[in-house]
Amino acid sequence: MPFKDQHVLITGGSSGIGLALARQVAAAGARVSLVARDRTKLDAARAAILTNLPGAAVVTASADVAVETEVLSALQAAEDAHGPVNVLITSAGVAHPGYFEDVPVSVFEHTMAVNYFGTLYFLKAVVPGMRRRGRGRLVLISSGIGLYGFFGYTPYAPGKFALRGLAECLRAELKDTGVGVTIVYPPDTDTPQLEAENRIKPPESKAVTSTGGLWSAEDVARVTLRGVRRGRFVVTPGLPITALFWLGGLFAPFVNWSFDRTIRQARAKKRAGQPSS
Ligand SMILES: NC(=O)c1ccc[n+]([C@@H]2O[C@H](COP(=O)([O-])OP(=O)(O)OC[C@H]3O[C@@H](n4cnc5c(N)ncnc54)[C@H](OP(=O)(O)O)[C@@H]3O)[C@@H](O)[C@H]2O)c1
């Protein structure tokens with residue numbers, strides 16, 4: 001689907017991958033709506049896009065995606081400005097890695113509320129209109145951790161796995177309606193979220209998640225939008241994530257063996273007081 005003159009609504013559009021996606025679709029001529037909580041960050045994101053693209057049509061709406069009523073108000077404001085949403089990208093997300101026993105249940109609840117229900121509420125709100133109009137595209141940002149349960153990500157992996165289930169069911173239900181679904185599994189990406197994660201991440205997690213390499217948000221956005229233009233259901237940026245997607249199940253015992261080895265090495269370094277790589 002080309003983006004020119006399309007209304008593209010991006011949750012989490014004020015930062016990281018969401019902001020990079022916003023920049024690129026705005027450059028392709030889309031009318032863009034950014035949704036996130038912090039108005040200051042939203043204003044800064046809009047200003048950053050307009051600095052490079054003075055004529056771009058960008059509106060912002062503040063909402064906590066974990067609260068359905070706020071999602072509906074934000075969607076209404078965006079559609080009042082730009083018309084019906086043609087492309088929905090759900091990038092709003094949070095991550096709080098840690099050892100299972102150390103992370104309170106409230107963090108598990110909040111992570112699921114934002115990462116899963118924050119996506120679901122938007123999908124529920126836009127799908128009926130897209131189906132009536134016979135066109136639209138839903139783009140769900142999952143994670144490499146939605147393909148494989150990495151050490152230290154017990155609060156985060158379940159919601160990202162859940163997005164895969166949701167996307168697969170929706171793809172089947174929406175086939176032949178003109179509404180397409182894309183699910184994206186980004187690897188480690190250099191964003192404020194990853195920076196915050198790195199401050200609290202157990203060294204074992206750092207060792208295993210870094211095997212996918214570090215991507216820039218702009219590159220993840222570029223690969224994502226290329227997949228969307230081509231009507232792809234699955235987007236797996238980079239070889240390690242692509243291999244995990246296609247071969248992860250088949251080679252699970254080997255993948256587990258390899259990561260367990262990496263974790264043992266990270267633990268040995270931790271015990272020896274060496275910095276994690
Ligand atoms: N960075 C990575 O390594 C990586 C890898 C794989 C997948 N991902 C996924 O990619 C997506 C984007 O991550 P990122 O790294 O770009 O993160 P980021 O730079 O921290 O951006 C997160 C965005 O989500 C918004 N957000 C967070 N909680 C929200 C809530 N309750 N309601 C509305 N908006 C909310 C933030 O704005 P406010 O805080 O102002 O609300 C911000 O705009 C996430 O779903 C993440 O899980 C990231």
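This short talk walks through one predicted model, from the ligand and the residues around it to the salt bridges and a patch on the surface.

Let me begin with the ligand. Around it sit 30 residues, and the closest of them are Ser14, Ser15, Tyr156, Thr189 and Thr191. If you want to follow along by secondary structure, look at helix α1, residues 16-27, and helix α6, residues 192-200, each of which supplies at least two residues of the shell around the ligand. The largest share of that shell, 3 residues, comes from α6.

Which atoms of the protein come up to the oxygen atoms of the ligand? In the side chain of Ser14, an N or O atom is 2.7 Å from an oxygen atom of the ligand. The backbone takes part as well: a backbone N or O atom of Ile17 lies 2.8 Å from a ligand oxygen atom, and for Gly12 a backbone N or O atom lies 3.3 Å from an oxygen atom of the ligand. Taken alone, the ligand would expose 890 Å², and the protein buries 95% of that area.

Let me stay for a moment with Thr189, which I named among the closest residues to the ligand. Thr189 lies in strand β7, which covers residues 189-190. Is Thr189 buried or exposed? Its relative accessible area is 5%, and because anything under 20% is called buried, Thr189 counts as buried. A polar atom of its side chain lies 2.7 Å from the backbone oxygen of Pro187. If we set aside residues up to four places away in sequence, Thr189 touches Ile17, Leu194, Leu214, Trp215, Ser216, Ala217 and Val220. You may recognise Ile17 in that list, since a backbone atom of Ile17 was one of those I described beside a ligand oxygen atom.

A second buried residue that I would like you to find is Gly144, with a relative accessible area of 4%. Gly144 is found in the loop between strand β5, residues 136-141, and helix α5, residues 157-174. Leaving out its neighbours within four places in sequence, Gly144 is in contact with Phe150, Tyr185, Pro186, Ile241 and Leu244. As a distance to check on the screen, the C-alpha atoms of Gly144 and Phe161 are separated by 9.5 Å, and these two residues are 17 residues apart along the chain.

Now to the charged side chains. How many salt bridges does the model contain? The count comes to 6, and I will go through some of them with you. In one of them, Arg267 pairs with Glu204, with the closest N and O atoms 3.1 Å apart. Arg267 lies in helix α10 and Glu204 in helix α7, residues 203-209, so this pair ties together parts that are 63 residues apart in sequence. Glu204 is buried, at 2% relative accessibility, whereas Arg267 is partly exposed, at 36%.

Glu204 also forms a salt bridge with Lys270, where the closest N and O atoms are 3.9 Å apart. This pair, too, links distant parts of the chain, with Lys270 in helix α10 and Glu204 in helix α7, 66 residues apart. Lys270 is partly exposed, with a relative accessible area of 43%. Taken together, Glu204, Arg267 and Lys270 are linked in a network of salt bridges.

For another arrangement, please turn to Arg222 and Asp219, which form a salt bridge with their closest N and O atoms 3.1 Å apart. Both residues lie in helix α8, residues 217-229, and they are 3 residues apart, which is about one turn of the helix. Arg222 is partly exposed at 42% relative accessibility, and Asp219 is partly exposed as well, at 30%.

Finally, let us move to the surface. Which residues form the nonpolar patch there? They are Trp246, Leu247, Leu250, Phe251, Phe254 and Trp257, and together they have about 740 Å² of accessible area. Helix α9, residues 239-247, and helix α10, residues 252-271, each supply at least two residues of this patch. Leu250, for its part, is found in the loop between α9 and α10, and its relative accessibility is 66%, so Leu250 counts as exposed. As you rotate the model, notice that α10 contributes to this patch and also carries Arg267, the partner of Glu204 in α7.

Note on methods:
Residues numbered from 1 in each chain as written. Predicted model: local features only at pLDDT ≥ 70, side-chain atom pairs only at ≥ 80, totals over all residues. Heavy atoms only, no water. Patch = residues over 30% accessible without salt bridge, like charges linked within 9 Å, V, L, I, M, F, W, Y side chains within 5 Å. Areas by Shrake-Rupley, 256 points an atom, 1.4 Å probe, with all protein chains shown as cover. Salt bridge = Lys/Arg side-chain N within 4 Å of Asp/Glu carboxyl O. Helix = DSSP H or I, 4+ residues; strand = E, 2+ residues; numbered from the N terminus. Buried < 20%, exposed > 50% of the residue type's maximum accessible area, 1.4 Å probe, protein only. Polar contact = N/O pair within 3.5 Å; in protein donor to acceptor, adjacent residues only side chain to side chain. Contact = heavy atoms within 4.5 Å. Near = heavy atom within 4 Å.
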